[in-house]
Amino acid sequence: MRILIYMWEGIRIAYDALRSYKMRSILTTLGIVIGVTTVITIVALIQGLNGAFSKEISSIGTDTVYIQKFPWVMKEDDWLKYRNRPNLTLEESDQIRAASRLAIAVAPQIGTARTVKFEEKSVEQVIITGTTADYLLTSNANPEYGRFFSENDVNTNRRVCVLGYEVADKLFGQSDPLGRRITIGGRKFRVIGVLDKKGSFFGWNMDVLAIIPIGAFRSAFGAQRRSIEIEVKLASPDQIEEAEYELTGLMRHIRKLTPGKENNFAINKQSMLLDTYNQLTGTLWAVAIGVGAISLLVGGIGIMNILLVSVTERTREIGIRKALGARKSDILWQFLIEAMMICALGVLIGILLAVGIAKLVAATTPVPAAITWWVAILGLFFVVAIGLFFGIYPASKAARLNPIEALRYE
Amino acid sequence: MLIKLEKIEKVYEIGAVQVPALRGIHLNVDKNEYIAIMGPSGSGKSTLMNIIGCLDTPSGGEYLLNQHNVSTMDDDQLAEIRNREIGFVFQTFNLLPRATALHNVELPMIYNGTASALRRQMAEEALEKVGLADRMHHKPNELSGGQRQRVAIARALVNRPSIILADEPTGNLDSRTGDEIMEIFEGLHEQGNTIILVTHEEYIAEHSNRIIRLRDGLIERDESVH
């Protein structure tokens, strides 16, 4: 009971003090405000990015690996080192498909960008992918209507195509595209299917594409000097490592690499992107923690400073309170509560600012930023603890004042 | 016996020099006495008053206040004794500037844990007693000197202490207001309170029943007034 009464008195005194010196209090909280705003904003950004990233990355299956010339994640000079690697070929893809025990589908792919036309209408910069019937399995490319091309279509290099949702919509609108002849980069193709809507992948519109048999691609657009990529789908995500091992072995065998020679191809998988992403957000975390720690330290010292001023200014008040029966601990708590309240004020301002920034970022950029309340609450406790830490010296100075001298203080 | 001072000594150490302020004070005070302590500056009257008020402890001797041996208490015990047994009235009023009269009077009860409703009621009663019922929500800077001193008296009374200890209570007031304050003290004495007054004004001291004159840290004279 007694404790509640003088805690309440402490809060009342601190509130009076904060109100009497508004400007000073706000300036004192500045360090805390900056620290809290920074940390909460960065955490909000990271959380937002995490959400966006895991949504984006989910379109790359965790049960899929890619055999390519270049690895997805390269250091600065790696490209120069890797560009002399031999291109991956359709023949290699076929050999992998024939030999792999773990692959349930192997789709070689090659791509370019061309204009697609139907009568007067055209769509520019359509991604043209040349591939095989296995693409249906590796990329979940189930047509919304019509069909995907068969192995027979591929083997006979038939000039057929499956259109992305947006291309079909722009060229045909409400009318039926199936069976129509369109031109892709000046060559005629017959539409046999339309894919369902896919959305975008890292800002890339996946509905502006046309898929054609790889042989037709080569004869129409040439592909001898370019590397294909081989998409390999597995029965389950658990087989990723095993498959990486198997595919590496197969590729080395196909390319007759003697032991000791480096791989001259790359096996890519989703987790590589995830690792890179985690490194990036790890850096963000470090920045958040660094800026947060420094500004909280500065803020804490500011609070200690202002409390020392406050103790001096209120020496006489402390004397009066002691004469009337305040014990050391009562005075100690009075100033600790003031320190904690300054901190809490800083946290509240910081949270409000962070919410504002997060809203602004979410409204003006594609990066979604979501305030996580556990961070805010954790921040409140943490910063109040900082108030305690930096408040203890001025507060104990006040508590130790001799009442006679304090009463005499002018 | 309310106060019993036995051979009270106080020595201040200023650097390496030892300055004796009190050199063996014997003093007994009964309940409901009205005492004035007088003496020129440097006589030790402030020191004596601080010791009686439990703001300071003696270097030697024994001080019994209401059967408590105060001379051996630590800071927190002294704080509790001050809160319970002593009501201070100071020359410069010593009110909290940012708090209302009511809150100033509530202060001693905050430190003994009185619940807020009771605290408020008792503070209001104390302010009514000193004639400030209509000024409860004013801050000290909105009150005259006399009114401030009345708030301080209400604050000194509110815990029903054993002693009211007033240090030059009229020193900062004009003589007419001073007289009003002295009337309040007289009224309090008649109601059974024990009052110890420190003053250097003869005519103020004459309000009391007993004048104790100090000189060089010793009691020079202890006389009754009629």
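User: Is Gln174(A) buried or exposed?
Analyst: This is a predicted model, and the answer comes from counting neighbours. A residue is exposed if 12 or fewer other C-beta atoms lie within 10 Å of its own. Gln174(A) has 5 other C-beta atoms within 10 Å, so Gln174(A) is exposed.

User: Where is the place of Gln174(A) in chain A?
Analyst: Two elements of chain A frame this residue: α7 (165-172) and β6 (181-184). Gln174(A) is in the loop between α7 and β6 of chain A.

User: What separation do the C-alpha atoms of Gln174(A) and Ser54(A) have?
Analyst: Along the chain, Gln174(A) and Ser54(A) are 120 residues apart. In space, their C-alpha atoms are separated by 34 Å.

User: How many helices and strands are there in chain B?
Analyst: Chain B holds both kinds of element. The count is 7 helices and 10 strands.

User: In what order do the 4 strands of the open sheet in chain B stand?
Analyst: The sheet is open, and its pairing is antiparallel. β2 (17-29) and β5 (68-69) of chain B each have a single partner strand, so these two stand at the edges. The order is β2-β1-β4-β5.

User: Over how many bridges do β1 and β2 of chain B pair?
Analyst: Strand β1 of chain B covers residues 3-14. Ile3(B) stands opposite Val29(B) in β2(B). The two strands pair in the antiparallel sense, over 10 bridges.

User: What radius of gyration does chain B have?
Analyst: Chain B has 226 residues, and a compact globule with that number would have a radius of gyration near 17 Å. The value for chain B agrees with this. The C-alpha trace spans about 50 × 35 × 35 Å along its principal axes. The radius of gyration is 17 Å.

User: What share of the residues in chain B is buried?
Analyst: A buried residue has 20 or more other C-beta atoms within 10 Å of its own. Among contacts in chain B with a separation of 6 or more, 68% join residues 24 or more positions apart. Of the 226 residues in chain B, the buried share is 49%.

User: Which element gives the most to the side of chain B that touches chain A?
Analyst: The contact takes 19 residues from chain B and 20 from chain A. On the chain B side, α2 (75-85) and α3 (101-110) are the elements that give two or more residues. With 6 residues, the element that gives the most is α2(B).

User: How many residues on the side of chain B that touches chain A are charged?
Analyst: The residues of this side divide into three classes. There are 8 nonpolar and 5 polar residues. The charged residues number 6.

Terms used
Residues are numbered from 1 along each chain as its sequence is written. Chains are lettered from A and ligands numbered from 1 in the order in which they are written. This is a predicted model: local features need pLDDT of at least 70, side-chain atom pairs count only at pLDDT 80 or more; totals for chains, interfaces and linings use all residues. Two residues are in contact if their C-beta atoms, placed from the backbone, lie within 7 Å. Ala, Val, Leu, Ile, Met, Phe, Trp, Tyr, Cys and Pro count as nonpolar, Asp, Glu, Lys and Arg as charged, and the others, Gly among them, as polar. Two strands pair if DSSP finds at least two bridges between them. The radius of gyration is taken over C-alpha atoms; the globule rule is 2.2 Å times the number of residues to the power 0.38.
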